[in-house]
Amino acid sequence: MASAAATKKNNKMHAIHVDKLVLNISVGESGDRLTRAARVLEDLTGQKPVKNSARYTVRQFGIRRNEQIATHVTVRGDLAKDLLERGLKVKEFELKRENFSNTGNFGFGIDEHIDLGVKYDPSTGIYGMDFFVVLKRPGARVSRRKHARGRVGAPHRLTKDDAMKWFVQTYQGDVMAKQRVSSGVAAQVCTWVGSLVWVGDMWLGVGGCKVEDDSGVLVFIAGKLLRYSAATAFAQRPPSFHSHVLAPHKLSRAPLELPPVFAAL
């Protein structure tokens with residue numbers, strides 16, 4: 001089994017590549033704003049973007065059928081990889097499991113296009129945009145070509161887990177698990193955690209409670225929510241207080257000054 005896994009890992013036909021990157025800006029209306037959004041994409045990629053029309057009328061938003069309301073551009077090759085890395089840098093290389101599709105693709109959005117390194121132009125304004133990445137393995141073309149079209153076998157198709165593993169290995173990124181919390185308090189009984197452990201690029205522990213999750217353990221620490229691998233060992237202590245959840249947070253690697261409530265641990 002080990003030799004078969006190693007052969008599969010070293011097989012060039014099994015390697016995952018970026019097929020294309022689609023950048024989309026949806027402004028919800030036609031006119032000058034759509035024209036300026038198209039100019040942003042053209043300046044960013046050097047390609048002429050395509051304008052998209054609404055498929056049906058939505059009176060609440062003032063959208064009419066066949067009205068041009070968005071624009072997108074498709075890039076490939078080294079430019080796609082460069083723009084993808086710049087976009088992931090804005091997201092701090094952190095994505096959610098919900099960002100990945102079952103077919104092995106993923107997408108995310110940014111709020112301001114100037115975060116990609118584009119100089120701000122007052123006459124253009126600031127636009128958010130969507131990134132959608134299509135991944136592929138060599139040989140995927142057989143299912144789309146006109147002559148001798150075939151079927152890609154199940155072992156060769158990309159899955160959600162394949163895409164997440166590729167993202168983590170290629171960009172040293174982090175896939176955030178879904179937070180199982182309710183009303184700002186842990187949704188189930190926690191186990192007390194009282195040690196401090198350095199995992200990857202973050203400190204974890206410092207006293208709190210942990211909740212088992214599908215992809216690891218969610219740790220509620222001093223009002224913050226951190227995540228670590230289920231394989232990490234933590235010292236167990238009886239619970240002493242309820243810790244509220246605020247937002248995902250990473251601690252620095254510098255020595256920490258612990259509050260008095262944790263000093264006794």
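A nonpolar core here is a set of buried Ala, Val, Leu, Ile, Met, Phe, Trp, Tyr and Cys residues joined through side-chain atoms within 4.5 Å. In this predicted model, the largest such core has 36 residues. Below is a quick tour of that core, then of helix α2, then of the aromatic rings.

**The nonpolar cores**

- Within the largest core, the residues that touch the most other members are Leu 21, Leu 23, Leu 84, Phe 106, Met 129, Leu 135 and Trp 166.
- At least two residues of this core come from each of the strands β1 (17–26), β3 (68–75), β5 (106–110) and β6 (129–136), and the helices α2 (32–45), α3 (77–90) and α4 (160–171) do likewise.
- Apart from this core lies another one, made of five residues, with Ala 54, Val 58, Ile 63 and Ala 70 among them.
- Take Trp 166 as a way into the big core: setting aside neighbours within four places in sequence, Trp 166 is in contact with Ile 16, Val 18, Leu 84, Phe 106, Leu 135 and Tyr 171.

**Helix α2**

- With 14 residues, α2 reaches 20 Å from its first C-alpha to its last, close to the 20 Å expected at 1.5 Å a residue.
- Its buried residues are Leu 34, Ala 37, Ala 38, Val 40, Leu 41, Leu 44 and Thr 45.
- These buried residues sit on the same side of α2, because they cover an arc of only 150° around the axis.
- Flip to the other side of α2 and you'll find Asp 32 and Asp 43 exposed.
- What do the buried residues of α2 pack against? Their partners are β1, β2 (50–53), β3, α3 and β6.
- Right after α2 comes Gly 46, with a positive phi near 75°.

**Aromatic rings**

- Aromatic pairs, with ring centres within 6.5 Å, number eight in this model.
- Phe 100 and Phe 106 make a tilted pair, since their ring centres are 5.2 Å apart and their planes stand at 35°.
- Both Phe 100 and Phe 106 are buried.
- Phe 108 and Phe 131 are stacked instead, because their planes are at 10°, with the ring centres 4.9 Å apart.
- That stacked pair links distant parts of the chain: Phe 108 belongs to strand β5 and Phe 131 to strand β6, 23 residues apart.
- Phe 108 counts as buried at 6% relative accessibility, and Phe 131 is buried too, with a relative accessible area of 2%.
- One aromatic cluster is formed by Phe 93, Phe 100, Phe 106, Trp 166, Phe 167 and Tyr 171.

Methods. Residues numbered from 1 in each chain as written. Predicted model: local features only at pLDDT ≥ 70, side-chain atom pairs only at ≥ 80, totals over all residues. Heavy atoms only, no water. Buried < 20%, exposed > 50% of the residue type's maximum accessible area, 1.4 Å probe, protein only. Helix = DSSP H or I, 4+ residues; strand = E, 2+ residues; numbered from the N terminus. Contact = heavy atoms within 4.5 Å. Expected span 1.5 Å × (residues − 1). Arc of directions from axis to C-beta. Phe/Tyr/Trp six-rings, centres within 6.5 Å; stacked < 30°, edge-to-face > 60°.
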